[in-house]
Amino acid sequence: MRAAFIENGQVHVGEVPDPVPGKWQALVRTHSCGMCASEAHFLHAGQNVIDLSRQFGGPYARLDQSRPFVPGHEYVGEVIDYGPGSERRIRTGRRVTSVPIMRTGGAHAVIGFSTIARAASAN
C-alpha cells in the first residue's frame, strides 16, 4: 500500500507492506486521519520519547525509530477484514473510529506506532 511514514525522524511517502490482521484484530482502511501531538514529538525528538517510554514502561518502548512506521492513529475508516478468532461484531464496510490502543504481545501498543518492513524505497 502507498502510505506516508516516519523513519529516522523524517516523513516519507512510498510503498509499505499491506497490513494483515492478527488474531482477534480487525483490519480498517483509513478514510481520513489527523496527526496528533505524539506524532509531532517523533518528528522532533523521537528517540527521547522512546527512551522515556523504555525507562518508565510506556507504549513506545518497543519502537525502533530507524525502521518506518505509519502515523495517523486518530482516524475514521472502514472495516475491511478480520483476523483469526475475531468475533466480527461490526459488519465489513461499516465506518468506524477507534481508541488508538491495542493489546499485542502481552502489552499495550499505540496503533500506528509499531515498525513495519519496508517493501520499496520512498518516493
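1. In this predicted model, Gln65 touches Glu7, Asn8, Gly9, Phe42, Gly46, Gln47 and Ile50, leaving aside residues up to four places away in sequence. Gln65 itself lies in the loop between helix 1 (37–56) and strand 4 (74–82).

2. Is Gln65 buried or exposed? Its relative accessibility is 15%. Because buried means under 20% relative accessible area, Gln65 counts as buried.

3. Two of the contacts of Gln65 can be described further. Asn8 is 57 residues away from Gln65 in sequence, yet the two C-alpha atoms are 5.5 Å apart in space. At Gln47, the side chain of Gln65 reaches the backbone nitrogen at 3.1 Å.

4. Which residues make up the largest nonpolar core? There are 8 of them: Ile6, Phe42, Ile50, Tyr60, Leu63, Phe69, Val110 and Phe113. Phe42 and Ile50, both listed in this core, are also among the residues that Gln65 touches.

5. Val110, another member of the core, has contacts with Pro59, Tyr60, His73, Pro100 and Ile101, again not counting residues up to four places away in sequence. Tyr60 thus appears both in the contact list of Val110 and in the largest nonpolar core.

6. Beyond the loop that holds Gln65 comes strand 4, which belongs to an open sheet of 3 strands in the order 3-4-5, with antiparallel pairing. Strand 3 and strand 5 are the edge strands, each pairing on one side only. From one strand to the next, the twist averages 40°. As a general point, strands of a sheet pair through backbone hydrogen bonds, either parallel or antiparallel.

7. How many bridges join strand 3 to strand 4? Strand 3 (residues 26–34) is joined to strand 4 by 8 bridges, and the two run antiparallel. On the other side of the order 3-4-5, strand 4 and strand 5 (residues 95–97) pair over 3 bridges, also in the antiparallel sense.

8. Individual residues allow the pairing to be followed across the sheet. Val76 in strand 4 is the bridge partner of Ser32, and Val76 also stands opposite Thr97 in strand 5. Elsewhere, Glu78 stands opposite Arg95 in strand 5. A reader tracing these positions may recall that in a regular strand the side chains alternate between the two faces of the sheet.

Technical notes:
Residues are numbered from 1 along each chain as its sequence is written. This is a predicted model: local features need pLDDT of at least 70, side-chain atom pairs count only at pLDDT 80 or more; totals for chains, interfaces and linings use all residues. Side-chain values use heavy atoms; hydrogens and water are left out. Helices (H or I, at least four residues) and strands (E, at least two) are DSSP runs, numbered from the N terminus. Buried means under 20% relative accessible area, exposed over 50%, partly exposed in between (1.4 Å probe, protein chains only). Contact means heavy atoms within 4.5 Å. A polar contact is a pair of N or O atoms within 3.5 Å; within protein, one must be able to donate a hydrogen and the other to accept it, and residues adjacent in sequence count only if both atoms are side-chain atoms. A nonpolar core is a set of buried Ala, Val, Leu, Ile, Met, Phe, Trp, Tyr and Cys residues joined through side-chain atoms within 4.5 Å. Two strands pair if DSSP finds at least two bridges between them. Axes are lines fitted to C-alpha atoms, for helices over the stretch in contact, and angles run from 0 to 180 degrees between N-to-C directions.
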